[in-house]
Amino acid sequence: APLVFDFSEGDRTQVDLLGGKGANLAEMTKLGLPVPPGFTVTTEACRYYLERGEEPQSLRVQITMALRRLENDLGRRLGDVVDPLLVSVRSGAKHSMPGMMETVLNVGLNDYSVKGLAEAAQDERFAWDSYRRLIQMFGRTVLDIPAERFEHELDAVKARAGVATDVEIPVPALIELVEEFKHIVHDATGRDFPQDPREQLDLAMRAVFNSWNTDRARLYRRRERIQHDLGTAVNICAMVFGNLGETSGTGVCFTRDPASGQPGVYGDYLSNAQGEDVVAGIRNTLTLEDFAALDPSSHAELTRIMRRLETHYRDLCDIEFTVERGKLWMLQTRVGKRTAAAAFRIATQLVDERLITSDEALARVTGHQLAQLMFPQFDVDAERTLLTRGMAASPGAAVGKVVFDSATAVAWAARGESVMLVRRETNPDDLEGMIAATGVLTSRGGKTSHAAVVARGMGRTCVCGAEEIEVDLAARTLSVNGTQVAEGEVLSIDGSTGEVFAGELPVVASPVVIYLEQGLDAALAEADEQTGELVRSVDRLLRHADQARQLRVRANADTAEDATRARDMGAEGIGLCRTEHMFLGERRVLIERLILADGPEARDAALAELLPLQRADFVALLEAMDGLPTTIRLLDPPLHEFLPDRTELAVRVAVAQATGRGEEPEVEKDVTLLAAVDRLHESNPMLGLRGVRLGLSVPGLFAMQVRAIASAAADRIAAGGRPVVEIMVPLVGSVMELHLIRDEMDAVLAEVASAAGVDLHIPIGTMIELPRAALTARRIAEAAEFFSFGTNDLTQTTWGFSRDDVEASIFATYLDKGVFTVSPFESLDRDGVGALIRMAVQAGREVRPDIKLGICGEHGGDPDSVHFFHDAGLDYVSCSAFRVPVARLEAGRAAL
Ligand code: PEP
Ligand code: MG
């Protein structure tokens, strides 16, 4: 198979094989644009080399032939002594990885061809400067010589010559510099700088291959979720020179503004310079208007080409170009990266310009981009001091005074302070503190840790697992990399990047959220022209997505307040109400009483006290969701989560007993409590007494909840409402569990309905969150009117990964070693967990054709996972309120 493609052979569809740069150079060549001739070595050759440590056998010959064609076309030979052909050797992967990999320019220069170049260009300075650049770049990237060694020498030569800039170095000093550079190479490698042009080319190509695996390239891919096994293509291209005097130059331009999406071309130009100089910011660049004044004909041609490329690609293009003595050359183009705001604006602009359809526009924006637009952000211009970095758990920008416990958070927030709750890790008892705080920062735990899940649910900014932070609760300080922060001092966290900053950074609010919460008119009233266009564009694309999508989108919401926000965000129901969140705060004593009950009477009394509270919660929830389906889940977490901390309690009891207070009633209560804590203690509570197991073990508990739900529905009907409620049983692994619990539930439902004299249609379904449930879905469907996939637990139990621990302990290693490119808790593992879901979907529909199928794990709001759920044929996804718009958009995109 060919491993080398001439630029005239490929096109832009071949990005897998030719990389982005190679494919687009081929496309521009096909369009007849002025691209210097050259060829591309495929990613396949790179993969072969990276696997085996040597190039495929036939590659050498194929390069020889491609090079010969190039030489014949141009009538010049690589590294010839007269008018030599020089080439650039550039990386170019499928996905652009700006600045991550290597480039070597001016390949082909040696002690002889440098003179030929001087002669041909009629410019000795230029030739020797090009030669010294080659040795410098080659030395650094191919031979791994520290860059400082060359830079140091360059500075020394400038000092000796008494000049300030590179361009002023006189020719004799440049010739001397080349000699010095050659010495550096010999000194560092024990070999001379290779004089054979072909050897230069082969080594440069190999260095580009190797640069695929540098630490920074791997890190970049990990962050951008690019696979590690793609490899890069290598583009070998005839050199054109922007540094041949004042009629030459080099530039970068965009067909629209990639930062704001504003129409109109943007760019920078630098005369008498080579590519790197523009990016390196050595000299101040000119605008395109200045360029037009300087070289009207090249500028006119560039403008024509930009228009041509934009109509051809039908998208924002970014372009690198060079002018060599008044002749324009295109060195690169690609569909340009852009900010989230620019993506939305440009997509709708192109619809209005009739370049693309609304479907295409929808395909061009992503849920990730919409999410970015929704969170308040730190003012980019502000000065900042980075303290440390944790995991980006829940996006946003939060500033607050540090507090170390929930009670302080609540107290300070109540007096109007903005607080940052800092904990080693959070537990359900911190909920009030999390609600009160503007931001949550933990030093332990991953993206599905309690803190992260809850924070995302509330749209609370959260950075978790910032392991460098040491919290000293006793001293009420934290220390991080040598900095101490006391309670009351201010920190700023960026939940989109995981960064933690000292002090207060200024924050700006999101107009998109104003739009979602208060409607288009309200948002437009506050917006300037550009922001207004952005908000309109979001509105148009979201509405288009709503028309296109087949998936319904519900929200995970536990309170009436959450539910109202979810409706604002466009939720079409609640897919998961976690009732455990209603058992916290002052109600905890009631649960305590239930757990400590010494007989059926005491237990029933405790349940009877809980009943009206739950009923009132559900009335409020159903009122907020009137007319929309609301899935309420029965209690899931292990009971010990509602009891005090074991160590704390044990210490308290021990101290009391040691000081002779053992007989006091308070202490006796603590002793009983401690016994209960010990009794309920589990080594592995996630796999223990929770979910339906709890319902079957604690008589009356689920019945109380079902009664509260049914009565709430009856109350709503009596009040003229339209409650649409569904009851969900968690952690079912066997149909037998469901049958047993249903018997009890059906009886309660019937009893409430007849007592209230209303018809209650309350379907009962189950979560599918254990592999056994998926594997026996056929049986389970006999007793379940709906399935809701609990992909958090299903991922945990399928992989055997503890969702609270592994992200901090092993995921960094796994991501680095490429076991996966993204945490399976964040984006659904299609091959494993996904296979179980597909299996259960099929089995469920076979047994019960009208079964309703949804998903309510964290994946419900993850853009990639939404596409999977669409493909798997689910009826709905359910996610936290703030991710509802993201899910709507992605569900629409999935249906295109
Ligand atoms: C799940 O397991 O995916 C789920 C939604 O339930 P929870 O996160 O409450 O365990
Ligand atoms: Mg679960």
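In this predicted model, a polar side-chain atom of R578 is placed 2.8 Å from an oxygen atom of ligand 1, and that contact is a convenient point from which to enter the structure. R803 makes a comparable approach through its side chain, where an N or O atom lies 2.8 Å from an oxygen atom of ligand 1, while T791 contributes through its backbone, a polar atom of which is 3.0 Å from an oxygen atom of the ligand. Taken alone, ligand 1 would expose 290 Å², and the protein buries 96% of that area.

The wider surroundings of ligand 1 can be described by element and by residue class. The elements that supply two or more residues to the shell are strand 25 (574-578) and helix 32 (791-799), and of the contributors helix 32 gives the most, with three residues. Altogether 14 residues surround the ligand, and the closest are R578, R633, G790, N792 and R803. By class, the shell divides into seven charged, four polar and three nonpolar residues.

Helix 32 also leads to the second ligand, a magnesium ion. The protein donors of this ion are E769, through OE, and D793, through OD, and they lie 2.0 to 2.1 Å from the metal. Because E769 sits in the loop between strand 28 (764-768) and helix 30 (771-775), whereas D793 belongs to helix 32, the pair ties together parts of the protein that are 24 residues apart in sequence. How buried or exposed are the two donor residues, E769 and D793? E769 has a relative accessible area of 2% and is therefore buried, since the term applies to values under 20%; D793, at 4% relative accessibility, counts as buried by the same criterion.

Elsewhere in the chain, a further feature to follow is a sheet. Five strands form an open sheet in the order 8-7-6-9-10, and their pairing is antiparallel. Strand 8 (286-287) and strand 10 (327-335) stand at the edges, and because each has a single partner strand, one side of each is left without a neighbour in the sheet. At the strand 8 edge, the partner is strand 7 (residues 263-271), and the two pair in the antiparallel sense over two bridges. Within this pairing the reader can locate Y269, which stands opposite L286 in strand 8.

Methods: Residues are numbered from 1 along each chain as its sequence is written. Chains are lettered from A and ligands numbered from 1 in the order in which they are written. This is a predicted model: local features need pLDDT of at least 70, side-chain atom pairs count only at pLDDT 80 or more; totals for chains, interfaces and linings use all residues. Side-chain values use heavy atoms; hydrogens and water are left out. A residue is near a molecule or strand if one of its heavy atoms lies within 4 Å of it. A polar contact is a pair of N or O atoms within 3.5 Å; within protein, one must be able to donate a hydrogen and the other to accept it, and residues adjacent in sequence count only if both atoms are side-chain atoms. Accessible areas come from the Shrake-Rupley method with a 1.4 Å probe; for residues, only the protein chains shown count as cover. Helices (H or I, at least four residues) and strands (E, at least two) are DSSP runs, numbered from the N terminus. Ala, Val, Leu, Ile, Met, Phe, Trp, Tyr, Cys and Pro count as nonpolar, Asp, Glu, Lys and Arg as charged, and the others, Gly among them, as polar. Two strands pair if DSSP finds at least two bridges between them. Donors are N, O and S atoms within 2.8 Å of the metal (3.2 Å for Na, K and Ca); water is not among the atoms, so sites may look incomplete. Buried means under 20% relative accessible area, exposed over 50%, partly exposed in between (1.4 Å probe, protein chains only).
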